[in-house]
Amino acid sequence: MTPLRAGILAAMVTLVADQASKLWLLNVFDLARRGAVRVTPFFDLVLAWNIGISFGWLQNDSQAAQFALMAVKAIAVVALAIWMARSHTMLATVALGLIIGGAIGNGIDRLAYGAVVDFALFHIEIAGNTYNWYVFNLADVAIVAGVAALLYDSFLGVPAAKAP
């Protein structure tokens, strides 16, 4: 399989897994009705609607702000796709596919719901205090994994095509 095909496959698998998990949690499992569901002592399923960007920054539910976020996201996906098409290493190309699939998945949420559907919450209790990580989804996992793989490839891998 060529790197480009692997990258496209990574994007498609990420997008399908992300959207399927969100649709199942919203419409079948009915997470909104159930509220927080403890899965393990350190992991819960919770429903959070993220109207901002990464980690809830720039929270704004105005239509103009949502349009601006979607425009930035669309430009970023196009730039990443060009980079992916020019990439010569399997790792960098798959990493870019993960990022693209995650960005499109979260973009679909923004178009469909006006916010990104987040549902995964890791937490830990130390000395009676609970510490929570940010609530996230599978698209976020793919984006973070893709960025980590790109960093690895940039510093330790063979030279890849540079970003446009």
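Leaving aside neighbours within four places in sequence, which residues is L150 in contact with? In this predicted model, the partners of L150 are W83, A92, A95, L96 and I99. These contacts lead into the packing of the chain, which is described below after a short overview.

The chain holds 5 helices and 4 strands. Along the sequence, the elements run in the pattern α-α-β-β-α-α-β-β-α. The chain has 164 residues, and 38% of them count as buried. Contacts across the sequence were also examined. Among contacts with a separation of 6 or more, 65% join residues that are 24 or more positions apart.

The nonpolar residues come next. In soluble globular proteins, nonpolar side chains tend to be buried together. Here, the largest nonpolar core has 13 residues. L80, W83, L96, I100 and L150 have the most contacts inside this core. Three elements each give two or more residues to the core: α3 (63-86), α4 (90-113) and α5 (138-156). Helix α4 gives the most, with 6 residues. Another core lies apart from this one. That core has 9 residues, including F29, L31, L45 and F136.

Helix α4 was then followed along its length. It has 24 residues. From its first C-alpha to its last, α4 reaches 34 Å, close to the 34 Å expected at 1.5 Å a residue. G105 is placed in this helix. G105 counts as buried because its relative accessibility is 0%. Not counting residues up to four places away in sequence, G105 touches L15, D18, Q19 and K22. The C-alpha atom of G105 is separated by 9.8 Å from that of N137, a residue 32 places away along the chain. Just after α4 comes G114, with a positive phi of about 80 degrees.

Aromatic rings form a further set of links. A pair of aromatic rings is described by the distance of the centres and the angle of the planes. The structure holds 6 such pairs. In one of them, F42 and F122 are stacked, at 6.2 Å centre to centre and with 10 degrees between the planes. F42 lies in the loop between β1 (37-40) and β2 (43-50), while F122 lies in strand β3, so this pair ties together parts that are 80 residues apart in sequence. Both rings have some access to the surface. F42 counts as partly exposed because its relative accessibility is 44%. F122 is also partly exposed, with a relative accessible area of 36%.

F122 has a second stacked partner, F136. Their ring centres are 5.9 Å apart, and the planes differ by 15 degrees. F136 lies in the loop between β4 and α5, so its pair with F122 in strand β3 ties together parts that are 14 residues apart in sequence. F136 counts as buried, at 15% relative accessibility. F136 is also among the residues of the 9-residue core. Ring pairs link F42, F43, F122 and F136 into a cluster.

Another ring, that of F29, has a charge over it. The charged end of R34 sits over this ring, 3.9 Å from its centre. F29, like F136, is among the residues of the 9-residue core.

Strand β3 also takes part in a hairpin. Strands β3 (residues 116-126) and β4 (residues 129-132) pair in the antiparallel sense over 4 bridges. I126 has N129 in β4 as its bridge partner. The hairpin leaves 2 residues between the strands. A127 is in this turn, and has a positive phi of about 55 degrees.

How common is a positive phi? Most residues other than glycine have a negative phi. A127 is a residue other than glycine with a positive value. A127 counts as exposed because its relative accessibility is 78%. D30 is another such residue, with a phi near 55 degrees. D30 is found in the loop between α1 (3-28) and α2 (31-34). In contrast to the exposed A127, D30 is partly exposed, with a relative accessible area of 26%.

Note on methods: Residues numbered from 1 in each chain as written. Predicted model: local features only at pLDDT ≥ 70, side-chain atom pairs only at ≥ 80, totals over all residues. Heavy atoms only, no water. Pairing = 2+ DSSP bridges. Core = buried A, V, L, I, M, F, W, Y, C linked by side-chain atoms within 4.5 Å. Buried < 20%, exposed > 50% of the residue type's maximum accessible area, 1.4 Å probe, protein only. Contact = heavy atoms within 4.5 Å. Phe/Tyr/Trp six-rings, centres within 6.5 Å; stacked < 30°, edge-to-face > 60°. Lys NZ or Arg CZ within 6 Å of the ring centre and 35° of its normal. Expected span 1.5 Å × (residues − 1).
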